[in-house]
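Subject: Structure handover

Hello,

Here is the structure you will be taking over. Please open it first, then read the notes below.

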Amino acid sequence: MLNRRNFLTAAVGVAAATGLAACAKEDDSSSGSTSGGSKAIVLGFSQVGSESGWRSANTDSVKSAAKEAGYTLKFSDAQQKQENQISAIRSYITQGVDVIAFSPVVVTGWDAVLKEAKAKKIPVVLTDRSVETSDESLYVTLVGSDFTDEGRRAGKILEKVIAKAGLKGDVKIAQLEGTTGAAPAIERAKGFKEVMDADHADDWKIVVSQTGDFTRAGGKQVMAAFLQSNPDINVLFAHNDDMGIGAIQAIEAAGKKPGKDILIVTIDGVKDGFIAMSEGKINAIVECNPLLGPQLMEVVQKVKNGETVERWIKTKEGDFMQDQAAAALPTRKY
Ligand code: AHR
């Protein structure tokens, strides 16, 4: 983990026109120059979308950290579409930005555009999510969480939740997966399954599992269908808080008590998740920290300076049981 350090004093920015990809939402927050008068680093950032509370907090963190660092940020929201991200990255290459950062919506399909960036000698930093690539030199580093470990932590905290609730007999789990093909969906499912296979091959079973696309609406709709097909579900593992919150609405609409009739473990730790947990509707949350902006800007500076950076800069995170929610809620930063 890199130490956080002081950034360059921010210079006041003026918005500039963009020429970025059609379909995606774009904006520029330009600083122009650093306080020392040298040219500001130009960072092209392609965000996944605005699918969740986590994502909003992540976007705010990136924008405010770029401003704080005095960088010119070219920001694009891909609305959860890979083609929009590829267009945005191509546009950043054409504009000749200093560094490109992006949070890939899915893991595969990036080699061609990353090769184009490499050919123009523009370094690429991944943030939040990883990619699968044939050539490791196509990106410099990943700043983000260990999603497999988050899945494992979800499995381990579910053991505590089950013990606390005194749930006896078969554990029938519904899993709400994140966006199909996205690193957090693949890896959280993998980590959770590792715990199941190692310690609960006989007593836990995932009876239904489907994507809710990391959205509240998706979580609600898919959970309603789960309850129809499998009314005896007694545990929900949702890959993020937003889907868990959507599912809570479906559970209540079905006349059941979330957090009691159906024990719920989610991932993220956004404020709304903590509110639901303090109301007794979520039993435990595995934290995934979205406040990656300061670390990202630090890495971008180092990359621009030609310094070596770690291949994966992991985020520090904690886990929370329901009885910690009320005390933790006022201190949550996102
Ligand atoms: O990639 C991080 C995940 O993406 C968060 O857990 C989820 O809320 C977001 O949409």
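First, a definition: axes are lines fitted to C-alpha atoms, for helices over the stretch in contact, and angles run from 0 to 180 degrees between N-to-C directions. Helices (H or I, at least four residues) and strands (E, at least two) are DSSP runs, numbered from the N terminus.

Now the source. This is a predicted model, in which local features need pLDDT of at least 70 and side-chain atom pairs count only at pLDDT 80 or more, while totals for chains, interfaces and linings use all residues. Residues are numbered from 1 along each chain as its sequence is written, and side-chain values use heavy atoms, with hydrogens and water left out.

The overall picture:
- The protein chain has 10 helices and 13 strands.
- Of its 334 residues, 55% count as buried (under 20% relative accessible area, with a 1.4 Å probe and protein chains only).
- Take the contacts (heavy atoms within 4.5 Å) in the protein chain with a separation of 6 or more: 75% are between residues 24 or more positions apart.

Next, the sheet. Six strands form it, and it is open. Their order is β8-β7-β9-β10-β11-β13, with mixed pairing (two strands pair if DSSP finds at least two bridges between them). At the edges are β8 (204-211) and β13 (319-321), each paired on one side only. From one strand to the next, the twist averages 15°.

Inside the sheet, β9 (residues 235-238) and β10 (residues 263-268) run parallel, joined by three bridges. Val235 is opposite Leu263 in β10. Helix α7 (residues 241-253) packs on the sheet and touches β7, β9, β10 and β11. Its direction makes about 155° with that of β10. Helix α4 (residues 147-165) lies across β7, β8, β9, β10, β11 and β13, at about 150° to β10.

How do α6 and α7 cross? The axes of α6 (residues 216-229) and α7 come within 7 Å and cross at roughly 45°. The two helices are therefore oblique to each other (neither under 35 degrees, nor over 145, nor 65 to 115). Residues of α6 in this contact include Met223 and Leu227; those of α7 include Ile245 and Ile251.

Last, one residue. Asn240 sits in the loop between β9 and α7. Is Asn240 buried or exposed? It counts as buried, at 1% relative accessibility. Leaving aside neighbours within four places in sequence, Asn240 contacts Ser52, Phe214, Thr266, Ile267 and Asp268.

Best wishes

Technical notes
Buried means under 20% relative accessible area, exposed over 50%, partly exposed in between (1.4 Å probe, protein chains only).
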